[in-house]
Amino acid sequence: MKLRRRETVSLQLVTALGAAALLFPFLWMISASLQTLQEVEAFPPIWIPEVPQWTNYVEAVVNYNIGHALLNSAIVTTVSVVGQLIVCSLGAYAFSRLRFPGRDAIFLLFLATMMIPHYVTIIPLYTMVWSAGLIDTYTALIFPGLFSPFGTFLLRQFFNQIPISLDEATLIDGGNHWHIYLYVIMPLSRAGLGALGIFSFLGIWNTLFWPVLVINSKELFTLPLALAMAQGQFVTLIHVQMAGSVIACVPVIVVFLMLQKQFISSIALSGMKQ
Amino acid sequence: MATGQKAQTVSAPWSILRPKGRRHKDLYVALLFLAPSLLGLFLLQVLPIGTALVLGVSEWNIIDPIKFVGLSNFVEVATDATFYHTLENTLYLTVGLEVLNTFLGLCAALLLKNAMRGIDLYRTIYFLPLITTWAAVAIAWRYMYSLEGPINALLGPLGIDPIPWLSRPEWAMPAVIITITWKTLSWKTIILLAGLQSIPNEFYEASSIDGASRWQQFWKITLPLLSPAMFFALIIGIINTLQLFDPIFIMTDGGPADSTRTLSYYIYTRGFQNLRMGYAAALSWVLFAIILLFTLIQWVLQKRWVFYQ
């Protein structure tokens, strides 16, 4: 469809207006994070701080536990994402490449569990963690992220697209299944691993529900939990809280900018939402 | 299995590499590859689901011994006035969100499909809310909704008196719906954009030669051909909304006066604020039944009224 010039201009204008509306909360967040307490509480609101208060960020990191929470989130997310990629890719390899009795039945079981909502399993999971004495540990934060039926399913779909003749070539050259997995399937599945990687990164980095349940002590707060808890404790310190919120958003935005294409095409393919 | 036959009859090396006992040999390799997944499936899915079944017919506050109570949890659900109230809230939230999200998501998709200057930047901006941390942005929205906050300050010049967004029961749900729309809009947009891009351009060219207007093209071509994507996004959107937690936890905690307490948040309230694990498990099975219903609706209806090319 060719558009007339006037239409192009008005389209551009509407798109820009929409973008401005969607950006507004972020802009307010950044502006508030650079204001003094007096400015942030003023009415009518001050849109641009007179002198940017960069010390708010220092205060958030040092005095309000955000620095420590950032470290915890980085540890938990890294271990979970790497672990999930390894566990899911190994499982997906078995479903895609190996023939063994009961394979399809087990795969169906994987698919069936994807239909059970999180809320059904999270209560028993909590009671299991509680009974095992794992409340307030890194183990409790990390182990639920190590496995994902969805991830296994997604990677199997990607593995199935790789021609089986490559496996056969490896076998003829004297290789075994471990070689096929490591030197054929994994290098050829970068797109699939990237897609699962960004889904699980965003999911685990942003998750609040599970840490709310299993973590009590400040030393183990992840970033979302630290932000949520700070809300109850320091109600008046909006500017410092907004500095914390900005800090929490930066890593996900950076990762998103790097893997944007894979993220969007994977949502369009699978309908998955973090 | 054409390749299997070919391998057996044509290439001799295969018959050596894949002897009769091959299925058996693969079993041990498969067990090695599958071991971590099977352990995860057992610990994170099978065992919890089994436990949830037991909890559903039990009374347990975590500290005292667990007590079997039969179906009394489900009888209590059926007569629980708060449960029905949370169902109404869930319906309100789901309908409001789907109407807003579908309309605005379609508008955004129609805008973003055009090749215009700076389109990559626009797309990135439109997708930003979706990926950012709920906890971080929900706190920002909470302050933006305050009586003397930026939203009321922007509405002031339009002649609208300050609105008590999160502090009045009649305003809290609309406020929550607006925030969740802002956050999840672009998920809808991505699905609909993919749907729009799969409509062949020839349909538009042919119809404009026949003298169809833009408006006619939208109603006769775009909308019917987009209906599978819209329907898919509708069902998955509903299933996701039914399980929302973060924005309600941060912005309202279910209040004021239970006006934003959805069924999923009610499960959290009963289980983890009142420590009634059995009752919460029973409620979670009710949620499962509702989600299953929508999944089945998708399976049955998508064949009937959605127009596939």
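Biologist: Hi! What is pLDDT, and what is its mean for chain B?

Modeller: pLDDT is the predictor's confidence in each residue, from 0 to 100. This is a predicted model, and chain B has a mean pLDDT of 87, with 90% of its residues at 70 or more.

Biologist: Where in chain B is confidence lowest, and where is it highest?

Modeller: Helix α1 (residues 2-9) of chain B is lowest, with a mean of 40, while α5(B) is highest, at 95. Across residues 1-21 of chain B the pLDDT stays below 50, and that stretch has 6 contacts in the model beyond near neighbours in sequence.

Biologist: Okay, how should I treat a region where pLDDT is low?

Modeller: Don't read the predicted coordinates in detail there.

Biologist: Back to α5(B): at what angle does it cross α11(B)?

Modeller: Helix α5 (residues 81-112) of chain B and helix α11 (residues 214-241) of chain B cross at roughly 140 degrees, and their axes come within 10 Å. The crossing is right-handed.

Biologist: Which residues make that contact?

Modeller: From α5(B), they include Leu93(B), Leu97(B) and Glu98(B), and from α11(B), they include Met230(B), Leu234(B) and Ile238(B). By class, the contact has 5 nonpolar, 5 polar and 1 charged residues.

Biologist: New topic: which domains does chain B have?

Modeller: The assignment gives domain 1 (2-56) and domain 2 (74-304). Their centres, taken over C-alpha atoms, are 40 Å apart.

Biologist: And how many residues does each chain bring to the contact between A and B?

Modeller: Chain A brings 74 residues and chain B brings 76. The side of chain A that touches chain B has 55 nonpolar, 17 polar and 2 charged residues. For the complex, the predictor gives an ipTM of 0.88 and a pTM of 0.88.

How values were computed: Residues are numbered from 1 along each chain as its sequence is written. Chains are lettered from A and ligands numbered from 1 in the order in which they are written. This is a predicted model: local features need pLDDT of at least 70, side-chain atom pairs count only at pLDDT 80 or more; totals for chains, interfaces and linings use all residues. Two residues are in contact if their C-beta atoms, placed from the backbone, lie within 7 Å. Ala, Val, Leu, Ile, Met, Phe, Trp, Tyr, Cys and Pro count as nonpolar, Asp, Glu, Lys and Arg as charged, and the others, Gly among them, as polar. Axes are lines fitted to C-alpha atoms, for helices over the stretch in contact, and angles run from 0 to 180 degrees between N-to-C directions. Helices (H or I, at least four residues) and strands (E, at least two) are DSSP runs, numbered from the N terminus. A crossing is left-handed if the near helix is turned anticlockwise from the far one by less than a right angle, and right-handed if clockwise. Domain bounds come from an automatic or database domain assignment.
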